[in-house]
Amino acid sequence: MDKRGQIVGGGLKNILIRERSGDKLEIGELLVVNDNFDPEDLYNNRNYTILQIKDIEYKSQISPAMHELLAGMELEGHNPDLGFVEPELANYSVAAAKPMLAVHQKKDKYETKSPKRLPNFFNPLFSIETEDLKFLKPKNTQNSLYLGNVRSGSNVLEDLNVYINAKDALTHHILIPATTGRGKSNLVKVMLCSLLSSKDAGILVLDPHDEYYGRNDIGLKDHEDSDDFLEYYSTDPPIGQSKLIINIKSITPKQVKGLTYLTQAQSEAVYLIHNRFGENWIFETFNTHHIEGVHPKTLQVLKRKLENILGIYVKKDEEGEVKLGYRSSLFKGGVVGESTIDNITESLEQGKIVIIDSSKLNDPEELLVGSMILEKLFYQYKEYNTDELRKKPVISVIIEEAPRVLGKEAMESPGGNNIYGTIAREGRKFQIGLIAITQLSSLIPKTILANMNTKIILGNEMSVERHAIIESAAQDLSEDNRIIASLDKGEAIVSSVFTKFAIPIKIPYFNDYIKKFQTGNEGKQEKVRTQISG
Amino acid sequence: MLCIVNGGLYIKSIREIAEILSSDISQRKLGNPFFNEKNYKSYPLDEKNFHEIKASKNQKKLAFIDGGNQELLPAPEYSVQLNRVYFNIFRNNERIAPRSNISQRIEFLSFTSSKMDGKNIEFQTKIAAEEDFLKYLPNEKDLKASTHDEEIETGTQAGMERMASMARRFSEWTIAEHMIDSELDSGDIIIKDGSLQTSHTNEYKYVDNVFKKALEKKVIFAGLSKTCRLTTDTQISLVDSIQRLAEESNLSYDKWCYYPVAKSKEENSNHRALIMIVKLNKHAYTSFRFEILKEQADKMNKDDILEVLSLVADNSRDIRLPGYPYGLIDADMWARVKNDELEGYKTKLYSELSRKGVWSKVNPLMKIVDTHEKLDNK
């Protein structure tokens with residue numbers, strides 16, 4: 001083990017480390033300092049502290065004026081015949097590092113604590129090694145959510161995978177703050193891939209870019225267990241997958257309220273119609289010009305609003321009978337699609353991953369589909385007693401552009417009491433959580449952000465957004481602003497109440513990662529028929 | 001009543017002094033090096049004595065040694081000193097680790113006491129050091145001296161300080177001897193901070209030993225003085241005279257050596273040196289006095305001397321102090337006993353004295369010589 005640097009000052013907030021000449025330290029790099037120095041005893045009874053570099057700056061034994069003068073002489077061609085004898089002693093870098101974790105290792109047992117003492121002054125620091133983080137390895141990876149490999153600066157510890165307990169993490173909500181191009185989709189695919197074979201988690205994926213299933217590329221469909229644990233719904237499904245059709249009878253007034261603003265009169269009218277006509281309430285709203293107890297103008301406005309958000313319109317057939325027309329391929333009347341929501345919730349309750357291709361849906365349609373599924377599940381799970389619930393898989397929903405449903409505006413709007421907000425606040429009790437993806441964390445109320453107990457932070461160049469994430473992180477990331485800004489594609493920091501410290505990770509490239517799950521996949525028979533529910 | 005000096009009067013006084021000074025300087029002629037002719041042969045100033053120092057590809061080692069000491073316990077009849085000697089070795093401006101197991105920095109405490117012996121004051125010094133260091137340090141027997149033999153102001157604190165620094169001075173020679181013996185080879189150069197002159201009766205013995213060793217192993221022994229109080233016979237600084245001569249001669253050399261300035265005569269056992277003035281870098285803010293052991297210099301021609309200086313000049317390129325060897329900058333840094341580190345040692349010594357119940361007797365003695373320091377700190 002080569003020394004990387006030596007402690008030369010600072011305090012618990014920031015320990016100052018002189019860098020060894022030529023051995024470039026990196027921002028975000030993890031270092032280890034041993035607090036006991038008996039080499040015989042080092043691996044049997046060892047105290048050490050893990051530090052992370054937060055900043056690096058130039059230092060010199062020589063005054064800045066001297067440097068500037070010398071640079072001037074060189075630049076202006078004065079042939080100075082001057083320089084630095086032993087430049088490695090005169091000019092160097094000093095890194096500021098934060099102690100992340102104090103570890104006591106006794107043979108194979110590790111005890112970790114938040115650092116409350118300074119490591120010994122002037123002690124040398126070493127690069128972190130797998131052995132130093134052995135306590136991160138879960139006893140059982142079967143029900144664990146894989147996120148990537150430990151990363152020290154830009155160096156990846158290939159043999160140290162980072163897992164968090166899937167049940168805990170999913171029910172306590174996960175936030176993935178990421179701007180475009182930082183590897184968000186890849187991360188989600190890796191996470192889903194690691195969970196796919198687990199019966200303990202049912203994941204609903206609202207996929208607005210149709211990128212997770214792998215219709216035209218490698219995707220989750222290529223996982224060896226995809227036949228058993230993956231379902232794909234699309235308004236335009238490939239052969240063998242399910243067509244996404246929602247029968248308008250499945251839609252409730254509450255869901256409509258979640259999609260559009262209704263005045264009190266309109267709201268009352270909707271419930272009245274629903275009470276009177278039951279599941280046919282939308283059809284009857286369009287079918288009639290007069291409903292007792294509803295003002296004609298109110299009814300007219302309701303029709304217009306339903307038409308706008310659901311794309312439904314009235315048409316008459318050759319016999320003059322009123323029929324509903326559907327501009328969106330999502331909605332249908334009659335009997336088609338009546339069981340779609342039931343089928344999806346059932347699959348989720350079986351611990352499957354259900355991907356909804358919402359690429360051809362507009363925003364309200366996508367949210368409506370998600371709401372319908374989640375509402376049904378939420379109330380189902382709410383009904384289970386503790387024992388029943390314990391046997392059920394945890395449910396999580398992946399929602400992109402989360403501020404649409406969790407943003408201050410969405411939450412505070414009259415129709416804002418949406419199921420996503422309900423899950424964010426109460427879902428944990430009923431084993432339902434969110435995986436919220438957003439570029440704009442600052443739009444989500446602090447109370448909701450604080451409840452997202454795991455944050456997988458990808459690079460973000462927007463200062464306001466970084467601050468929103470840092471303020472709500474499970475660990476103190478107040479010194480990580482620059483580190484977050486400098487995260488490259490595929491690099492992330494996992495800050496979670498379920499991790500010992502904010503772990504820097506490198507997320508593997510999905511196309512490589514899935515190869516682990518493709519063994520024996522050869523010769524798999526493709527399904528031949530598109531399934532249409534109901 | 002307090003009197004605050006009026007700003008105008010202050011400036012007037014400065015102008016007057018500047019006028020006197022400039023008039024005096026301009027009237028003085030450069031003159032010739034002024035040495036005691038009994039002990040030295042000096043050479044008149046001559047622009048032909050400037051020699052250009054050129055680059056060299058010599059791979060010989062350059063070693064530097066310096067020492068420092070500071071008083072921990074000052075009293076009229078006692079002085080406890082913290083002493084430090086440090087050396088380093090370079091080849092091609094790269095530091096070389098010592099071959100032997102000697103520590104590069106040797107630190108020890110010394111206790112010098114005085115007592116009256118008739119009209120003389122007798123001084124003796126005891127050394128307290130780590131066991132490993134003792135072999136590199138002088139014999140306590142040689143650290144005895146009396147005002148009869150030494151040129152010191154009797155009964156003054158300055159006299160006590162001079163005697164108290166003997167241990168450190170002698171250690172520089174003993175450690176230099178070890179370096180020549182164990183660390184250096186034929187043709188290598190050792191440079192001591194300061195001149196090669198002795199200033200104590202028993203110092204000669206140590207100097208003689210180290211010079212013998214240098215001659216035997218053909219290691220060139222040199223000294224470089226940060227300050228030079230030598231003058232010309234017109235009482236101008238010798239260094240300044242030679243620099244002015246260089247200017248007046250429109251000397252085109254970036255680095256030069258002026259020699260010979262003076263050479264010790266055979267009978268001068270206290271100082272065995274060829275003395276020269278050197279400018280070791282184009283950007284040097286001043287030139288320095290440089291000496292080479294006389295017996296070695298006698299056998300060297302001009303090119304040999306310039307070869308040595310070329311190596312030293314190559315080590316004098318550091319931006320911190322252009323024209324002064326980096327090895328001596330480094331040696332000074334590690335040998336110097338700084339005031340702030342002295343406090344820790346003082347506290348430990350005082351608490352030990354207190355534990356032994358003698359603090360109440362020592363403290364009044366210290367106060368006698370300490371008042372000046374206290375006033376300085378007000």
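Modeller: Let's fix one word before we start: a residue is buried when its relative accessible area is under 20%. Keep in mind that this is a predicted model.

Biologist: Fine. Why is Ile176(A) called buried?

Modeller: Its relative accessible area is 0%, and the cut-off is under 20%, so Ile176(A) counts as buried.

Biologist: And where does Ile176(A) lie?

Modeller: In strand S10 of chain A. Leaving aside neighbours within four places in sequence, Ile176(A) is in contact with a set of residues including Leu187(A), Val188(A), Met191(A), Ile435(A), Ile437(A), Ile456(A) and Leu458(A). There's also a long-range pairing to look at: Ile176(A) and Ile457(A) are 281 residues apart in sequence, but their C-alpha atoms are 5.9 Å apart in space.

Biologist: What about Phe286(A): buried or exposed?

Modeller: Buried: 5% relative accessible area against a limit of under 20%. Phe286(A) is part of helix H8, residues 281–287 of chain A. Its contacts beyond four places in sequence are Lys303(A), Leu306(A), Glu307(A), Ile312(A), Val314(A) and Leu324(A). Val322(A) is 36 residues from Phe286(A) in sequence and 8.8 Å from it, C-alpha to C-alpha.

Biologist: On to helix packing. What makes H11(A) oblique to H15(A)?

Modeller: The axes of H11 (residues 363–383) and H15 (residues 419–426), both of chain A, come within 9 Å and cross at roughly 45 degrees. Roughly parallel would need under 35 degrees, and roughly perpendicular starts at 65. An angle of roughly 45 degrees fits neither class, so H11(A) is oblique to H15(A).

Biologist: Which residues make that contact?

Modeller: From H11(A), Glu366(A), Leu367(A), Gly370(A), Ser371(A), Leu374(A), Glu375(A) and Phe378(A); from H15(A), Ile419(A), Tyr420(A), Thr422(A), Ile423(A) and Glu426(A). They split into six nonpolar, three polar and three charged.

Biologist: How many residues does the largest nonpolar core have?

Modeller: It has 64, and those with the most contacts inside it are Leu204(A), Ile251(A), Leu310(A), Ile356(A), Ile373(A), Leu406(A) and Tyr420(A). H11(A) gives the most to this core, with nine residues. Take Ile373(A): beyond four places in sequence, it's in contact with Leu204(A), Ile341(A), Ile344(A), Thr345(A), Leu348(A) and Ile356(A). There's a second, separate core of 61 residues, with Ile128(A), Leu187(A), Met191(A) and Cys193(A) among them.

Biologist: What makes helix H10 of chain A mostly covered?

Modeller: Seven of its 10 residues (340–349) are buried. They are Thr340(A), Ile341(A), Ile344(A), Thr345(A), Ser347(A), Leu348(A) and Glu349(A). What covers them includes strands S11, S12, S14, S18 and S19, along with H11, of chain A. After H10(A) comes Gly351(A), with a positive phi near 85 degrees.

Biologist: And which residues of helix H17 of chain A are buried?

Modeller: Glu465(A), Arg466(A), Ala468(A), Ile469(A) and Ile470(A). Their cover includes strand S10, helix H16, strand S21 and helix H18 of chain A.

Biologist: I spotted cysteines in both chains. How do you know that Cys257(B) is in no disulfide?

Modeller: A disulfide needs two cysteine sulfur atoms within 2.5 Å. For Cys257(B), the nearest cysteine sulfur is that of Cys228(B), 14 Å away, so the pair fails the test. In fact, searching the whole structure finds zero disulfides over all chains.

Biologist: Why do Cys193(A) and Cys257(B) count as buried?

Modeller: Cys193(A) has a relative accessible area of 0%, and Cys257(B) is at 0% too. The limit is under 20%, so buried is the word for Cys193(A) and for Cys257(B).

Biologist: Now the backbone. Where is His173(A) found?

Modeller: In the loop between helix H3 and S10 of chain A. Its phi is near 70 degrees, a positive value in a residue other than glycine. His173(A) is buried, at 2% relative accessible area.

Biologist: What makes Asn93(B) buried?

Modeller: Its value is 17% and the limit is under 20%, so Asn93(B) counts as buried. Asn93(B) lies in the loop between strands S4 and S5 of chain B, and its phi is positive, near 65 degrees.

Biologist: Last one: is the peptide bond from Tyr259(B) to Pro260(B) cis or trans?

Modeller: Cis, with omega near 0 degrees. Pro260(B) is found in strand S11 of chain B, residues 256–264.

Technical notes
Residues are numbered from 1 along each chain as its sequence is written. Chains are lettered from A and ligands numbered from 1 in the order in which they are written. This is a predicted model: local features need pLDDT of at least 70, side-chain atom pairs count only at pLDDT 80 or more; totals for chains, interfaces and linings use all residues. Side-chain values use heavy atoms; hydrogens and water are left out. Axes are lines fitted to C-alpha atoms, for helices over the stretch in contact, and angles run from 0 to 180 degrees between N-to-C directions. Helices (H or I, at least four residues) and strands (E, at least two) are DSSP runs, numbered from the N terminus. Angles under 35 degrees count as roughly parallel, over 145 as roughly antiparallel, 65 to 115 as roughly perpendicular and the rest as oblique. Contact means heavy atoms within 4.5 Å. Ala, Val, Leu, Ile, Met, Phe, Trp, Tyr, Cys and Pro count as nonpolar, Asp, Glu, Lys and Arg as charged, and the others, Gly among them, as polar. Buried means under 20% relative accessible area, exposed over 50%, partly exposed in between (1.4 Å probe, protein chains only). A nonpolar core is a set of buried Ala, Val, Leu, Ile, Met, Phe, Trp, Tyr and Cys residues joined through side-chain atoms within 4.5 Å.
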